[in-house]
Amino acid sequence: MLKFKFLLWMMPRLLQRAIDTKPACAHYVSGKTLEFQIQTIGKIGRYFRVEDGRVKSFAGLARTPKFTLTFSNADRGFKILSAKDGKEAFLAALHDEDLVISGDFVEVLWFQGFTEYLQPGK
């Protein structure tokens with residue numbers, strides 16, 4: 001549980017560093033406003049806001065997020081979110097029902113594109 005919470009707490013810092021150090025990433029988020037959340041089935045999680053080229057996170061859950069990533073438990077959430085092969089891990093988690101995505105799938109795809117900037121060399 002602690003690793004999952006720590007990862008969620010660190011995520012906006014890592015994303016913001018990508019914005020600050022990679023011009024293509026800064027361009028990707030330019031003008032974007034989005035609020036989403038990542039949680040477990042037990043409702044443990046955080047919500048995130050992308051706005052004005054900044055990424056912030058908040059404890060608890062949002063009232064009306066554009067999308068929600070819900071993991072079966074904190075351990076699975078940590079393993080999936082920290083996997084080296086992110087896309088494959090997400091697809092496998094969806095297939096195995098360790099991950100449920102609700103909300104706007106277009107925004108989910110945008111977010112996945114954003115997280116690609118966390119990989120070295122992009």
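Two strands count as paired if at least two bridges are found between them by DSSP. The exercises below apply this to a predicted model.

**Exercise 1.** Find which residue of β3 stands opposite Glu51, and state how β2 and β3 run.

*Solution.* Begin with strand β2, residues 45-51, which is joined to β3 by six bridges. The two strands run antiparallel, and Glu51 faces Arg54 of β3.

**Exercise 2.** Work out the strand order of the sheet, and explain which strands stand at its edges.

*Solution.* The sheet is open and has five strands in the order β3-β2-β1-β4-β5, with mixed pairing. Reading the ends of this order, β3 (54-59) and β5 (99-103) are at the edges, where each has a single partner strand, so one side of each is left without a neighbour in the sheet. From one strand to the next, the twist averages 20°.

**Exercise 3.** Describe which strands are touched by helix α1, and how its direction relates to that of β3.

*Solution.* Helix α1, residues 2-21, packs on the sheet and touches β1 (34-40), β2, β3 and β4 (67-71). The direction of α1 makes about 165° with that of β3.

**Exercise 4.** Classify the arrangement of α1 and α3.

*Solution.* Two packed helices are described by the angle and the distance between their axes. The axes of α1 and α3 (residues 74-81) come within 8 Å and cross at roughly 45°. Angles of 65 to 115 degrees count as roughly perpendicular and those under 35 as roughly parallel; α1 and α3 are therefore oblique to each other. The crossing is left-handed. In this contact, Lys3, Phe4, Leu7, Leu8 and Met11 of α1 meet Ala74, Gly77, Phe78 and Leu81 of α3.

Key. Residues are numbered from 1 along each chain as its sequence is written. This is a predicted model: local features need pLDDT of at least 70, side-chain atom pairs count only at pLDDT 80 or more; totals for chains, interfaces and linings use all residues. Side-chain values use heavy atoms; hydrogens and water are left out. Helices (H or I, at least four residues) and strands (E, at least two) are DSSP runs, numbered from the N terminus. Axes are lines fitted to C-alpha atoms, for helices over the stretch in contact, and angles run from 0 to 180 degrees between N-to-C directions. Contact means heavy atoms within 4.5 Å. Angles under 35 degrees count as roughly parallel, over 145 as roughly antiparallel, 65 to 115 as roughly perpendicular and the rest as oblique. A crossing is left-handed if the near helix is turned anticlockwise from the far one by less than a right angle, and right-handed if clockwise.
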